[in-house]
Amino acid sequence: MGDRANFVVVRESGEYELYLSRFGAVGIDLDLLAGPAEALSMVRRLSADDWWLDDVMCQGAALIDLGRKVLMLFAQEGLSAQMRHRAATLELLREAWTGWEIRWMYDGPAELRTYLGLDPEHVRDRDGGLLVGPLFEPDDEDPADPESMLAVVTVGTDRCHVLANISDHPIREGVALLDRLAGAPEHGVCKLPADAGIHIDPLRGRVGWWLLGASAEAYEVPQRWPGWTVEFWQDRWQEHARRAPGLFEPKPVDRERALADVRSAAALRREQRIRP
């Protein structure tokens, strides 16, 4: 993936400043852990640029609204997009930004523009087509890799499939996903950490999905599943595990260890940033 990010600072007057970082997406969450003053200083050292990255090019973004005290962010890679560290990263962000509202942008840069009252279509790439990951055979995953980029898809009470979670979330395939899963290799139970997932209940005509990054047109997913009841669980992978017992059973997260990991990574990131 790329490493480009947009940053926006909304002044108390309501006017905004747009910045572009060509190498700022991976680690954007760690940079923001420095708190409002340092984060604002870091952003304003970037070059002001009117280039709005689109759904494909934008791999991370942050908005700092000084008047309303709102911090919005998303990242496609990094600790905040990993199951083991997601909750810890957000917990430490809320601690570092006391008194601020922290929001995750599941719709990527389009959600950022919507917040500003701008047309989200400006950053849509509706002509590029879907790029979804291949299905894995049961032995394809690496159990030694704690943060594999995986999407787990469970169907009913007895089917579990695992896909490579690259580019587009498989939920965007819509009902065509069911055809691709027909005859696909099954995994019995997925115990590995994933960063995206879907549970399909054919009997009730319901589908629920979640992710830890962002997905273009995230709030338009019901249009791709006509006749189905679609639930968006945001980052609540636990809901998926609850709906699919015996099929999706990721290892419980050690909160204290995760907090320590994030603090250590943030300290190292800060040291690298200020090193001459």
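Here are some notes on the two sheets and the salt bridges of this structure, for someone meeting it for the first time.

1. Before anything else, keep in mind that this is a predicted model.

2. Let's start with the sheet built from E1 to E5. Its 5 strands follow the order E2-E1-E3-E4-E5, the sheet is open, and the pairing is mixed. At the edges you'll find E2 (16-21) and E5, each of which pairs on one side only. Going between neighbouring strands, the average turn is 15 degrees, with direction ignored.

3. For a closer look at one pairing in that sheet, try E1 (residues 5-10) and E2. These two run antiparallel and are joined by 6 bridges. A handy place to check this is Asn 6, whose bridge partner in E2 is Leu 20.

4. Next, the helices on this sheet. Helix H2 (residues 36-44) lies across E1, E2 and E3 (60-65), and runs at about 115 degrees to E1. Helix H3 (residues 86-96) packs on the sheet too, where H3 touches E4 (70-75) and E5. The direction of H3 makes about 150 degrees with that of E5.

5. Now for the sheet that holds E6 to E10. This one is also open, with 5 strands in the order E7-E6-E8-E9-E10 and mixed pairing. E7 (159-164) and E10 are the edge strands; each has a single partner strand, so one side of each has no neighbour in the sheet. From one strand to the next, the twist averages 15 degrees.

6. A pairing to look at here is E8 (residues 196-201) with E9 (residues 206-211). The two strands pair in the antiparallel sense, over 6 bridges. Within this pairing, Ile 198 stands opposite Trp 209 of E9.

7. On to the charged side chains. Side chains of opposite charge can pair when their charged atoms come close. How many salt bridges does the structure hold? The count is 24.

8. One of them is between Arg 124 and Asp 107, whose side chains meet with an N to O distance of 2.7 Å. Arg 124 sits in the loop between H4 (109-115) and E6 (150-155), while Asp 107 sits in the loop between E5 (101-104) and H4, so this salt bridge ties together parts that are 17 residues apart in sequence. Are these two residues buried or exposed? Arg 124 counts as buried because its relative accessibility is 13%, and Asp 107 counts as buried because its value is 6%.

9. Glu 121 and Arg 126 make another salt bridge, and their closest N and O atoms are 2.7 Å apart. Here the surroundings read as partly exposed: Glu 121 has 39% relative accessibility, and Arg 126 has 38%.

10. Then there's the salt bridge between Glu 231 and Arg 243, with 3.1 Å between the closest N and O atoms. Glu 231 belongs to E10 (residues 229-232) and Arg 243 to helix H6 (residues 237-243), so the pair links distant parts of the chain, 12 residues apart. Glu 231 is buried, at a relative accessible area of 19%, whereas Arg 243 is partly exposed, at 30%.

11. Finally, some of the salt bridges share partners, and these join a set of residues into one network. Among its members are Asp 107, Arg 124, Glu 121 and Arg 126 from the points above. The network also includes Asp 55, Asp 168, Arg 172, Glu 217, Glu 220 and Arg 224.

Notes
Residues are numbered from 1 along each chain as its sequence is written. This is a predicted model: local features need pLDDT of at least 70, side-chain atom pairs count only at pLDDT 80 or more; totals for chains, interfaces and linings use all residues. Side-chain values use heavy atoms; hydrogens and water are left out. A salt bridge is a side-chain nitrogen of Lys or Arg within 4 Å of a carboxyl oxygen of Asp or Glu. Helices (H or I, at least four residues) and strands (E, at least two) are DSSP runs, numbered from the N terminus. Buried means under 20% relative accessible area, exposed over 50%, partly exposed in between (1.4 Å probe, protein chains only). Two strands pair if DSSP finds at least two bridges between them. Axes are lines fitted to C-alpha atoms, for helices over the stretch in contact, and angles run from 0 to 180 degrees between N-to-C directions. Contact means heavy atoms within 4.5 Å.
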